[in-house]
Amino acid sequence: MNRLCKVLIVDDEFLVRQGIKHHMNWEAEGFIIVGEASNGEEGLQQVNLLKPDIVITDIVMPVMDGETFVRTLKASNPQIEVIVLSSFSEFEYVRSTLQHGAADYILKPKLDTNELLQVLQRTAGKIPELQFEPSHDGWRLGQLMEKMLSGFTLDEDSEMPMIRDTFPYESFRLLVYKPVGAGEIH
């Protein structure tokens with residue numbers, strides 16, 4: 001199965017959730033944000049609806065904290081991997097979540113794109129039914145074509161060589177074909 005790894009973000013701070021969502025081009029790295037929640041209780045509801053592969057969760061939240069959330073989540077959905085976000089002062093909570101099945105943790109003050117991506121890739125690698133292939137050429141070409149069709153300019157050094165290799169002529173045409181399904185009127 002070659003698909004995007006589904007990620008759910010659970011954090012009570014709206015700006016943190018937005019920051020994570022806009023931290024990187026998720027799809028280009030093989031991931032997709034399927035939803036978000038502001039506390040553990042809401043997170044459990046979202047897990048049941050969205051069936052994520054990975055949950056990124058904060059420790060300190062109202063209603064249901066991250067420690068209780070991870071324990072409850074892993075008891076009913078052991079296949080879902082969890083990455084915990086914490087500050088320096090919350091290490092005992094982090095240790096408890098790791099003992100209850102969290103895959104990894106990231107310190108919020110040190111959160112950066114490279115570290116987040118490395119932790120996500122390591123965690124996605126633990127999911128047996130998920131063949132994580134962010135560098136699959138056909139998938140990457142599709143992403144670049146979609147970017148061009150949306151009106152964005154491709155990077156001359158990193159993105160255009162793949163387009164030029166695939167389409168060596170000065171111009172090309174794109175044909176979109178949508179087959180008519182059975183029972184549709186045409």
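Strand β1, residues 5-10, and strand β2, residues 31-37, run parallel to each other and are joined by six bridges in this model, which is predicted. Within that pairing, Lys-6 of the chain stands opposite Ile-32 in β2. To get from β1 to β2 the chain passes through helix α1, residues 14-21, and the β-α-β crossover made in this way is right-handed.

Strand β1 also pairs with β3, again in the parallel sense, over four bridges, and here Val-7 stands opposite Ile-54 in β3. Strand β3 in turn pairs with β4 in the parallel sense over five bridges, with Thr-57 standing opposite Val-84 in β4. A right-handed β-α-β unit is found here as well, made of β3, helix α3 (residues 66-76) and β4.

These strands and helices belong to a protein that has seven helices and five strands. Followed along the sequence, the elements come in the pattern β-α-β-α-β-α-β-α-β-α-α-α, so that strands and helices can be traced in turn before the chain ends in α-α-α.Of the contacts between residues at least 6 apart in sequence, 62% join residues at least 24 apart.

How is β3 placed with respect to cover, buried or exposed? Strand β3 is mostly covered, with five of its five residues buried. In a regular strand the side chains alternate between the two faces of the sheet. In β3 both faces are covered, since Ile-54, Ile-56 and Asp-58 are buried on one side, while Val-55 and Thr-57 are buried on the other.

The largest nonpolar core contains 18 residues, and the members that touch the most others are Ile-20, Trp-26, Phe-31, Ile-54, Ile-56 and Leu-120. Two or more residues of this core are given by each of β1, α1, β3 (54-58), β4 (81-86) and α5 (113-124), and the largest share, five residues, comes from α5. A second core, separate from this one, has 16 residues, including Leu-8, Ala-37, Val-55 and Ile-80. Residues of β3 thus appear in both accounts, with Ile-54 and Ile-56 named for the largest core and Val-55 named for the second.

Helix α1, already met as the link between β1 and β2, has Val-16, Arg-17, Gln-18 and Ile-20 as its buried residues. Which elements do the buried residues of α1 pack against? They pack against β1, β2, β3, β4 and α5.

Lys-21, also in helix α1, counts as partly exposed because its relative accessibility is 25%, and the cut-offs that matter here are under 20% for buried and over 50% for exposed. Side chains of opposite charge can pair when their charged atoms come close. The structure holds one salt bridge, which Lys-21 forms with Glu-36, the closest N and O atoms being 2.8 Å apart. The pair links distant parts of the chain, as Lys-21 lies in helix α1 and Glu-36 in strand β2, 15 residues apart.

For the protein as a whole, buried residues make up 38% of the 186 residues. The area that the protein exposes is about 11,100 Å², and carbon and sulfur atoms supply 53% of that area.

Terms used. Residues numbered from 1 in each chain as written. Predicted model: local features only at pLDDT ≥ 70, side-chain atom pairs only at ≥ 80, totals over all residues. Heavy atoms only, no water. Pairing = 2+ DSSP bridges. Right-handed = clockwise from strand over helix to strand, strands pointing away. Salt bridge = Lys/Arg side-chain N within 4 Å of Asp/Glu carboxyl O. Buried < 20%, exposed > 50% of the residue type's maximum accessible area, 1.4 Å probe, protein only. Contact = heavy atoms within 4.5 Å. Areas by Shrake-Rupley, 256 points an atom, 1.4 Å probe, with all protein chains shown as cover. Core = buried A, V, L, I, M, F, W, Y, C linked by side-chain atoms within 4.5 Å.
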